[in-house]
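Please take me through this model in the viewer, one selection after another, and tell me what there is to find at each stop.

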Number of protein chains: 2
Amino acid sequence: MINHRGEEFRELILGITQDLKQTFQTQNDVLTLTASGTGGLEAAIVNTLSPGDRVLALSIGVFGDRFSDIASQFGAEVEKLDFEWGSVVHPEALERKLKRDPKVKAVMVTHNETSTGVTNDLETISQTVKKYDKLLLVDAVSSLSCINLPTDLWGCDIVITASQKGWMSPPGLAMVSISEKGWEAVSKSKMPRYYWDFLKAKSFLEKGQTPWTPAISTLYALSSSLKLMKEEGLANIIERHARVGNRTRRGIDELGLSLFPQEAHSNTVTAVNIPSDIDSSKLLGIMRRKYNIVLAGGQQKLKDKIFRIGHMGWVCEEDIDQIMAALKEALPESKR
Amino acid sequence: MINHRGEEFRELILGITQDLKQTFQTQNDVLTLTASGTGGLEAAIVNTLSPGDRVLALSIGVFGDRFSDIASQFGAEVEKLDFEWGSVVHPEALERKLKRDPKVKAVMVTHNETSTGVTNDLETISQTVKKYDKLLLVDAVSSLSCINLPTDLWGCDIVITASQKGWMSPPGLAMVSISEKGWEAVSKSKMPRYYWDFLKAKSFLEKGQTPWTPAISTLYALSSSLKLMKEEGLANIIERHARVGNRTRRGIDELGLSLFPQEAHSNTVTAVNIPSDIDSSKLLGIMRRKYNIVLAGGQQKLKDKIFRIGHMGWVCEEDIDQIMAALKEALPESKR
């Protein structure tokens, strides 16, 4: 380990921050926190909102629900707009709400919903939110660096992501961008905070430090990933994820399986309906033990109803072909 | 990375938890959080206290102040008992307070104060706190696993430590033990929390998981460290730190320098007064560049007044001898 108050660390964190800004497509501040993605979501909320603030939470699955729950937990007056799992946020429903309720201060949304394999139309959502001049908080944990998210162009005030997703690093870091409007909200926010304090993090970053001892080894990993990402180029990475997503969906179709979402298929995770004659835990067990491929089951009400293939970060089309070949063999062995 | 909802991770986290309990010398629950030590301190506070709770914060330096600040930030009614920097908490002063103010709910204390190089007499402090049946929160970030801290024997309700100190691992994990009385406090606590929720962490740990994606690579490091620690044995580790601490203090004396603390010298960090003819930043610079030894300066009001030698974890007496040999050469070169 290196001294996190020394020159070497200064270079490390400033270099990372610079590279992160490129991938966030932002001139805004980007802070790196020692925490899981959920810690990043909490940090975004407690730094920008006050107890009693009216907040509109757009949810299309588990992670939308979580974002909403955190805000409620800290005393925000949350109105949740739920859309059917497997579907997207309908911008017209959002607009109706914003038109009717001028007291809404902020809108929270999940860019890519990992639990259902759906990517929201963040461009349209953000246009609507900005039309009404509200603060926009975006959970981009499983999208950023894989799916296009031009933070500044779309006017996203707070964008949160995490090291273990598209960033190809071990878990343990959350990265958050904050716009000028975001900083205004920070200056007025009254939720209690200490560890997550953005202003403190910003003032330490200015001298090349973090307020608390950072996850140094994970920062080194992130720094290496960012170099790889620079070599490939953001546009190429986004295009590769689109190709990989397409290949996955085609493969699923060729296996005679069906996709869980009806629309807006994610390019980082594919959710597949489990046929009624297949035992999901048998399937996932065979895939893991026999083929060394870890698939995820469904969460909450989707348990045993879907399985999910993650394809973000260090993934290419050949990897998908291997998964499909394995699934082809494993499916007949997984009958109930 | 491995699947943090799978069998491999289950074995990893349950093994770590078992080993941690041995070093904490406890039968209590021990939770591992993805955060810096400061996150662990915040977690301890927001899980056990409510806004308006009367809390006695015992401070002998920067980290005592920090623990107190966090509690204030979340709305506890904190009374701070400050003792001179370089000195210890005086248990009789604590007892006077507890006798006079029956409304005090909890006492917060730093076991080992890194900023001044002082170890509090936690045994006597805890006896006093327990005599008045108060909740005891202990910041053991820079003591646990190096300096004796029998959690159960001394009745410490909440004990917080962090991976990068005596545990010889990269930063990024905070470990917290919770007694039965601690859990009672959790059940009554009304401070807002989500990421830090101990009850959620406990229920996930029961199935070999963590609520949020954990810092897996750092957990692997911690698991390896715990194996090394088991081989050496806790009593031997504590004795080694005592020998290393003694060797350091003797070495400082032989160099004609003086220790900052008047008493209760820490066995994990030694604070040394900087002679008036020595330029502290010159000294630290020479030590770092010429001898590859990173010493720490003083914090806050001790800036440029002391330097500090950390000697916790993977340190033996020969390391100390090297530091002293380097200091002997560097000091004359560091005149103002």
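Begin by selecting chain A and showing its surface: chain A exposes about 13,200 Å², of which carbon and sulfur atoms supply 48%, with accessible areas taken by the Shrake-Rupley method with a 1.4 Å probe, where for residues only the protein chains shown count as cover. This is a predicted model, in which local features need pLDDT of at least 70 and side-chain atom pairs count only at pLDDT 80 or more, while totals for chains, interfaces and linings use all residues. Residues are numbered from 1 along each chain as its sequence is written, chains are lettered from A and ligands numbered from 1 in the order in which they are written, and side-chain values use heavy atoms, with hydrogens and water left out.

Colour chain A by burial next: of its 336 residues, 63% count as buried, that is, under 20% relative accessible area (exposed is over 50%, partly exposed in between; 1.4 Å probe, protein chains only).

Now bring chain B into view and superpose the copies by least squares on the C-alpha atoms of residues with pLDDT of at least 70 in both. A rotation of 180 degrees, with 0.0 Å of shift along its axis, places chain A on chain B with an RMSD of 0.0 Å; the two copies are thus related as by a two-fold rotation axis. Select A:Ala35, whose C-alpha is the nearest to that axis in chain A, at 2.6 Å.

Finally, select residues 37–48 of chain B, which form helix 2 (helices are DSSP runs of H or I with at least four residues, strands runs of E with at least two, numbered from the N terminus). Twelve of the twelve residues of this helix are buried, among them B:Glu42 and B:Asn47.

Definitions and conventions:
Expected span 1.5 Å × (residues − 1).
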